[in-house]
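Got your viewer open? Let's take a walk through some charged side chains and see what they pair up with.

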Amino acid sequence: MMADSGSSEEVAVIGNIDLTSSESENNIINTMVERGTALLRKMEINVAEAEKRTGKNTVNMQETYTVYLIETRPAETVPDGGTPAAPDTLWRRYSEFELLRTYLLVTYPYIIIPPLPEKRAEFVWHKLSADNLDPDFVERRRVGLENFLLRVASHPVLSNDEIFFRFLTEEKGWREAVLETGFQDKADSRLKSLSAMFRVKNPDKRFTALKHYSDELNTVISQLLRVRARVADRLYGVYKVHGNYGRVFSEWSAIEKEMGDGLQSAGHHMDTYASSIDDILEEEEHYADQLKEYLFYTDAVRSVCRKHELIQYELEMAAQDLAHKKQQKEELATGTVRVFSLKGMTSKLFGQESQEQRESRLAALEQSIQEGEEAVKEKNAECQEFVRTAWEDIERFKEQKDRDLREALISYAIMQISMCKKGIQVWSNAKECFNKM
């Protein structure tokens, strides 16, 4: 369903996928954002660091939390030997990122809003901490929050939002500004959306298919992450067991004269092999986080589908109400009642209405019908506009998804190949040690 688009739009790679570089431990994200938007042409955006703090919460209880330093600077070319401009900085809590995303969800219901990184670690293997204050987890979340900001800043619509710009540039007063927009009053209740999903009579087949695809993609990525966590557990054990080779070879070398040096060297190679798994699995976590991003993206896709169902349901209700009013007018004009009604029963018991009463009711119904026709016209236009803008963003998202997941899977495969080559090299070195004995 979501085929490769082959887009030629200029993109920028965030992070580093060179697996042999010493900078690989800082390889945060292998994802791509469009640099063609006005905001990213003018501004560089980074979440530079995270800091643990302690303070009082809203109920005056002591709590420990993490804040993230956002740096922005003009995206200007620095001449050779020149010094780049000092960045503007401000601190944000994770809850403020959540508030920003909620605002975007409500304000732009036709857009697939980029997801935030997980609040607590999911799909972890047993040696990985699930504590949301763990330094490794906080670092991965820092990277995910930077990716979120770059996703929004690269979006052709979201990047122009004033509240988003103020989130990046105004530390004080931003929360008040976003609340003043009144976005919370516009949020659809979950119960209302659920009712629309079950009661809409003519759902758009494209959105229905998209929702089913999103559900299936969520299932597939979840399974992939579970498999990866199980493999990581076993791989960790296999590598660490090789440390026993190192210990045994070292002990053996102590009782040998001619073979001692060779055994000692082989043991050293085994120790190196055993310790390498920590860096390997840390690198793997970055690729797992890229998959998790699209796991969370599936909920953003479903959110757009739910909003369409709600608009479609409101259109159908408006059309149904209009049809009912037209039927009432016809019955009043002809004096016939097609179905049982309390009004018809009242007429039989207490007599027919006077001509004046009937004309008054007809005039009121005519006015109500005109208003109903306007309502249907407005709802129909709203639905058509939503479909147009939403599908435009869905097509953009398809291209992004195909490109990102392809790059992530290729990079993961390259990393696995590199890991296997290192294993072969370790055993080749051990073989040379044995040959020299």
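Start by selecting Arg92, and keep in mind that this is a predicted model. Arg92 has a relative accessible area of 1%, so it counts as buried. Now look for its partner: Arg92 makes a salt bridge with Glu96, and their closest N and O atoms sit 3.2 Å apart. Click on Glu96 too, which is also on the buried side of the cut-off, at 13% relative accessibility.

Next, select Arg228 and Glu285. Their closest N and O atoms are 2.5 Å apart, and the two form a salt bridge. Try colouring the helices here: Arg228 belongs to helix α8 (residues 205-253) and Glu285 to helix α10 (residues 277-334), so this pair links distant parts of the chain, 57 residues apart. Are these two buried or exposed? Arg228 is buried at 10% relative accessible area, and Glu285 is buried as well, at 3%.

Now pick Glu139, Arg142 and Glu146 together. Salt bridges with shared partners join these residues into one network.

For the last pair, go to Glu63 and Arg93. Their side chains meet in a salt bridge, with 3.3 Å from N to O. Glu63 sits in strand β4 (residues 62-74) and Arg93 in strand β5 (residues 88-93), so the bridge ties together parts that are 30 residues apart in sequence. Switch on the surface and you can check how these two are placed: Glu63 is partly exposed at 22% relative accessibility, and Arg93 is partly exposed too, at 27%.

Want to keep hunting? How many salt bridges does the count come to? The count is 30.

Note on methods: Residues numbered from 1 in each chain as written. Predicted model: local features only at pLDDT ≥ 70, side-chain atom pairs only at ≥ 80, totals over all residues. Heavy atoms only, no water. Salt bridge = Lys/Arg side-chain N within 4 Å of Asp/Glu carboxyl O. Helix = DSSP H or I, 4+ residues; strand = E, 2+ residues; numbered from the N terminus. Buried < 20%, exposed > 50% of the residue type's maximum accessible area, 1.4 Å probe, protein only.
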